[in-house]
Amino acid sequence: MVTRLAVAASGWQVPQGVRGPLDLIAGLAVPAMLLAYGMSLRWGPVPFVGGGRREVVVASVLKLIVMPLVAWGLALAWGLEGHALLVAVVTAALPTAQNVFLFATIYRRGEVVARDAVFATTMLSLPVVLAVVASVLMLFADQISVLGSLAVIAALWAAVIAAMWASLKDAVS
(Lines give C-alpha, C1' and ligand atoms only; values in the text may rest on other atoms or scores of the structure.)
Protein backbone atom coordinates (compact mmCIF):
# COMPACT_ATOMS: atom_id res chain seq x y z
CA MET A 1 0.00 0.00 0.00
CA VAL A 2 2.85 2.39 0.81
CA THR A 3 4.41 1.65 -2.58
CA ARG A 4 1.10 2.35 -4.29
CA LEU A 5 0.76 5.68 -2.48
CA ALA A 6 4.32 6.64 -3.42
CA VAL A 7 3.72 5.78 -7.08
CA ALA A 8 0.42 7.71 -7.10
CA ALA A 9 2.01 10.73 -5.44
CA SER A 10 4.91 10.77 -7.91
CA GLY A 11 2.63 10.78 -10.94
CA TRP A 12 4.52 7.85 -12.48
CA GLN A 13 2.34 5.49 -14.52
CA VAL A 14 2.81 1.74 -14.47
CA PRO A 15 3.47 0.55 -18.04
CA GLN A 16 0.41 -1.03 -19.67
CA GLY A 17 2.29 -4.28 -20.26
CA VAL A 18 2.68 -4.65 -16.50
CA ARG A 19 -0.57 -3.00 -15.43
CA GLY A 20 -2.85 -5.17 -17.60
CA PRO A 21 -1.91 -8.50 -15.97
CA LEU A 22 -1.92 -6.89 -12.50
CA ASP A 23 -5.44 -5.56 -13.09
CA LEU A 24 -6.59 -9.04 -14.18
CA ILE A 25 -5.17 -10.63 -11.02
CA ALA A 26 -6.71 -7.89 -8.85
CA GLY A 27 -10.07 -8.38 -10.56
CA LEU A 28 -9.99 -12.08 -9.67
CA ALA A 29 -9.68 -11.51 -5.90
CA VAL A 30 -13.35 -11.22 -4.93
CA PRO A 31 -14.71 -13.92 -7.28
CA ALA A 32 -11.96 -16.31 -6.15
CA MET A 33 -12.81 -15.66 -2.52
CA LEU A 34 -16.50 -16.33 -3.18
CA LEU A 35 -15.65 -19.54 -5.04
CA ALA A 36 -13.50 -20.71 -2.12
CA TYR A 37 -16.36 -20.00 0.29
CA GLY A 38 -18.84 -21.87 -1.92
CA MET A 39 -16.50 -24.85 -2.13
CA SER A 40 -16.21 -24.92 1.65
CA LEU A 41 -20.01 -25.12 1.89
CA ARG A 42 -20.16 -27.87 -0.71
CA TRP A 43 -17.27 -30.07 0.39
CA GLY A 44 -16.82 -29.08 4.03
CA PRO A 45 -18.89 -30.31 6.96
CA VAL A 46 -22.58 -29.39 6.91
CA PRO A 47 -23.00 -25.95 8.53
CA PHE A 48 -23.64 -25.97 12.28
CA VAL A 49 -22.95 -29.69 12.64
CA GLY A 50 -19.32 -29.36 13.74
CA GLY A 51 -18.08 -27.63 16.86
CA GLY A 52 -18.06 -23.93 17.50
CA ARG A 53 -21.80 -23.32 17.67
CA ARG A 54 -21.42 -21.06 20.69
CA GLU A 55 -18.83 -18.95 18.88
CA VAL A 56 -21.07 -18.69 15.82
CA VAL A 57 -24.02 -17.56 17.97
CA VAL A 58 -21.89 -14.94 19.77
CA ALA A 59 -20.44 -13.66 16.47
CA SER A 60 -23.91 -13.52 14.89
CA VAL A 61 -25.47 -11.64 17.83
CA LEU A 62 -22.59 -9.15 17.88
CA LYS A 63 -22.76 -8.62 14.12
CA LEU A 64 -26.53 -8.50 13.64
CA ILE A 65 -27.75 -6.87 16.85
CA VAL A 66 -24.97 -5.11 18.76
CA MET A 67 -23.17 -3.60 15.77
CA PRO A 68 -26.30 -1.98 14.21
CA LEU A 69 -27.34 -0.61 17.63
CA VAL A 70 -23.89 0.91 18.16
CA ALA A 71 -23.95 2.34 14.62
CA TRP A 72 -27.42 3.80 15.24
CA GLY A 73 -26.25 5.43 18.47
CA LEU A 74 -23.11 6.86 16.89
CA ALA A 75 -25.02 8.09 13.83
CA LEU A 76 -27.56 9.89 16.02
CA ALA A 77 -24.76 11.33 18.17
CA TRP A 78 -23.16 12.72 15.00
CA GLY A 79 -26.45 14.22 13.88
CA LEU A 80 -27.19 11.89 10.98
CA GLU A 81 -30.79 11.45 9.87
CA GLY A 82 -32.76 10.21 6.87
CA HIS A 83 -30.73 8.50 4.16
CA ALA A 84 -27.41 8.99 5.98
CA LEU A 85 -28.74 7.30 9.12
CA LEU A 86 -30.25 4.49 7.06
CA VAL A 87 -26.99 3.86 5.21
CA ALA A 88 -24.93 3.81 8.41
CA VAL A 89 -27.19 1.38 10.25
CA VAL A 90 -27.95 -0.91 7.30
CA THR A 91 -24.24 -1.17 6.51
CA ALA A 92 -23.58 -2.20 10.10
CA ALA A 93 -26.36 -4.83 9.86
CA LEU A 94 -24.96 -6.52 6.74
CA PRO A 95 -23.64 -10.08 7.10
CA THR A 96 -20.13 -10.99 8.19
CA ALA A 97 -17.77 -10.33 5.29
CA GLN A 98 -16.12 -13.06 3.26
CA ASN A 99 -12.70 -11.78 4.29
CA VAL A 100 -13.28 -13.27 7.77
CA PHE A 101 -13.44 -16.69 6.12
CA LEU A 102 -10.46 -15.84 3.92
CA PHE A 103 -8.24 -14.92 6.88
CA ALA A 104 -9.38 -17.99 8.84
CA THR A 105 -8.41 -20.14 5.85
CA ILE A 106 -5.05 -18.43 5.36
CA TYR A 107 -4.10 -18.77 9.03
CA ARG A 108 -5.77 -22.18 9.46
CA ARG A 109 -7.65 -21.04 12.58
CA GLY A 110 -11.39 -21.29 13.08
CA GLU A 111 -12.22 -22.05 9.47
CA VAL A 112 -15.50 -23.84 10.21
CA VAL A 113 -16.56 -21.19 12.74
CA ALA A 114 -15.79 -18.40 10.25
CA ARG A 115 -17.63 -20.21 7.46
CA ASP A 116 -20.65 -20.86 9.66
CA ALA A 117 -20.68 -17.27 10.95
CA VAL A 118 -20.73 -15.95 7.38
CA PHE A 119 -23.52 -18.40 6.53
CA ALA A 120 -25.61 -17.65 9.65
CA THR A 121 -25.31 -13.88 9.37
CA THR A 122 -26.15 -14.01 5.67
CA MET A 123 -29.28 -16.05 6.33
CA LEU A 124 -30.36 -13.95 9.31
CA SER A 125 -29.45 -10.50 8.04
CA LEU A 126 -32.56 -10.10 5.88
CA PRO A 127 -34.98 -9.77 8.80
CA VAL A 128 -32.48 -7.58 10.66
CA VAL A 129 -32.00 -5.26 7.70
CA LEU A 130 -35.75 -5.08 7.12
CA ALA A 131 -36.27 -4.25 10.82
CA VAL A 132 -33.61 -1.52 10.59
CA VAL A 133 -35.20 -0.07 7.46
CA ALA A 134 -38.67 -0.17 9.05
CA SER A 135 -37.36 1.54 12.19
CA VAL A 136 -35.59 4.31 10.29
CA LEU A 137 -38.58 4.78 8.00
CA MET A 138 -40.87 5.23 11.00
CA LEU A 139 -38.65 8.09 12.15
CA PHE A 140 -37.94 9.72 8.77
CA ALA A 141 -40.77 8.56 6.48
CA ASP A 142 -41.04 11.91 4.72
CA GLN A 143 -37.39 11.76 3.54
CA ILE A 144 -37.16 8.20 2.19
CA SER A 145 -39.07 6.20 -0.41
CA VAL A 146 -40.45 3.32 1.66
CA LEU A 147 -41.36 0.99 -1.17
CA GLY A 148 -38.17 1.68 -3.12
CA SER A 149 -35.91 0.94 -0.16
CA LEU A 150 -37.76 -2.24 0.82
CA ALA A 151 -37.96 -3.54 -2.74
CA VAL A 152 -34.23 -3.17 -3.38
CA ILE A 153 -33.23 -4.73 -0.07
CA ALA A 154 -35.69 -7.61 -0.42
CA ALA A 155 -34.60 -8.40 -3.98
CA LEU A 156 -30.89 -8.39 -3.12
CA TRP A 157 -31.25 -10.60 -0.07
CA ALA A 158 -33.67 -12.97 -1.79
CA ALA A 159 -30.97 -13.62 -4.40
CA VAL A 160 -28.28 -14.10 -1.75
CA ILE A 161 -30.40 -16.46 0.35
CA ALA A 162 -31.45 -18.47 -2.71
CA ALA A 163 -27.80 -18.96 -3.69
CA MET A 164 -26.81 -19.95 -0.13
CA TRP A 165 -29.77 -22.34 0.13
CA ALA A 166 -28.83 -24.01 -3.16
CA SER A 167 -25.24 -24.45 -1.93
CA LEU A 168 -26.42 -25.94 1.35
CA LYS A 169 -28.88 -28.24 -0.40
CA ASP A 170 -26.10 -29.53 -2.67
CA ALA A 171 -23.78 -30.03 0.31
CA VAL A 172 -26.35 -32.14 2.17
CA SER A 173 -27.27 -34.33 -0.81
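These legends walk through several close-up views of a predicted model.

**View 1. The whole chain is built from helices.** Welcome to the overview, a good place to get your bearings before moving in. The protein chain has seven helices and zero strands, so the order of elements from the N terminus reads α-α-α-α-α-α-α. Of its 173 residues, 31% are buried. Looking at contacts between residues at least 6 apart in sequence, 76% of them join residues at least 24 apart. The accessible surface of the chain adds up to about 10800 Å², and carbon and sulfur atoms account for 74% of that area.

**View 2. A nonpolar patch lies on the surface.** Ten names are worth finding here: Val57, Val58, Val61, Leu62, Ile65, Val66, Leu69, Val70, Leu74 and Trp78 make up the patch. Together they offer about 950 Å² of accessible area. Take leucine 62 as a landmark, which sits in helix α3, spanning residues 53–77. Leucine 62 has a relative accessibility of 47%, so it counts as partly exposed.

**View 3. Arginine 19 and aspartate 23 are joined by a salt bridge in helix α2.** The N to O distance between their side chains is 3.4 Å. Why are these two separated by about one helical turn? They lie four residues apart in helix α2, which covers residues 16–43. As a rule, an α-helix has 3.6 residues a turn, so residues three or four places apart point the same way. Both partners are partly exposed: arginine 19 has a relative accessible area of 36%, and aspartate 23 has a relative accessibility of 42%.

**View 4. Two further salt bridges involve arginine 108 and arginine 115.** How many salt bridges does a search of the whole structure find? The count is three, and the pair in the previous view is one of them. In this view, arginine 108 meets glutamate 111 with an N to O distance of 2.8 Å. Arginine 108 is exposed at 55% relative accessibility, whereas glutamate 111 is partly exposed at 25%. Next, find arginine 115 and aspartate 116, whose closest N and O atoms are 2.8 Å apart. Are these two residues buried or exposed? Arginine 115 is buried, with a relative accessibility of 2%, and aspartate 116 is buried too, with a relative accessible area of 1%.

**View 5. Helix α5 has a buried side and a face turned away from it.** Begin with Gln98, Phe101 and Ala104, the buried residues to look for in this helix of residues 98–107. They cover an arc of only 125 degrees around the axis, so they fall on the same side of α5. The face turned away from that buried side carries the exposed residues Ile106 and Tyr107. Just after α5 comes arginine 108, with a positive phi near 55 degrees. Arginine 108 may look familiar, as it also forms the salt bridge with glutamate 111.

**View 6. Alanine 36 and glutamine 98 link distant parts of the sequence in one picture.** Along the chain, these two residues are 62 residues apart, while their C-alpha atoms are separated by 9.7 Å. Alanine 36 belongs to helix α2, and its relative accessible area of 32% makes it partly exposed. Glutamine 98 belongs to helix α5, where it is buried.

Technical notes:
Residues are numbered from 1 along each chain as its sequence is written. This is a predicted model: local features need pLDDT of at least 70, side-chain atom pairs count only at pLDDT 80 or more; totals for chains, interfaces and linings use all residues. Side-chain values use heavy atoms; hydrogens and water are left out. Patches are made of residues with over 30% relative accessible area and no salt bridge: like charges are joined within 9 Å, nonpolar side chains (Val, Leu, Ile, Met, Phe, Trp, Tyr) within 5 Å. Accessible areas come from the Shrake-Rupley method with a 1.4 Å probe; for residues, only the protein chains shown count as cover. A salt bridge is a side-chain nitrogen of Lys or Arg within 4 Å of a carboxyl oxygen of Asp or Glu. Buried means under 20% relative accessible area, exposed over 50%, partly exposed in between (1.4 Å probe, protein chains only). The arc is that of the directions from the helix axis to the C-beta atoms. Contact means heavy atoms within 4.5 Å.
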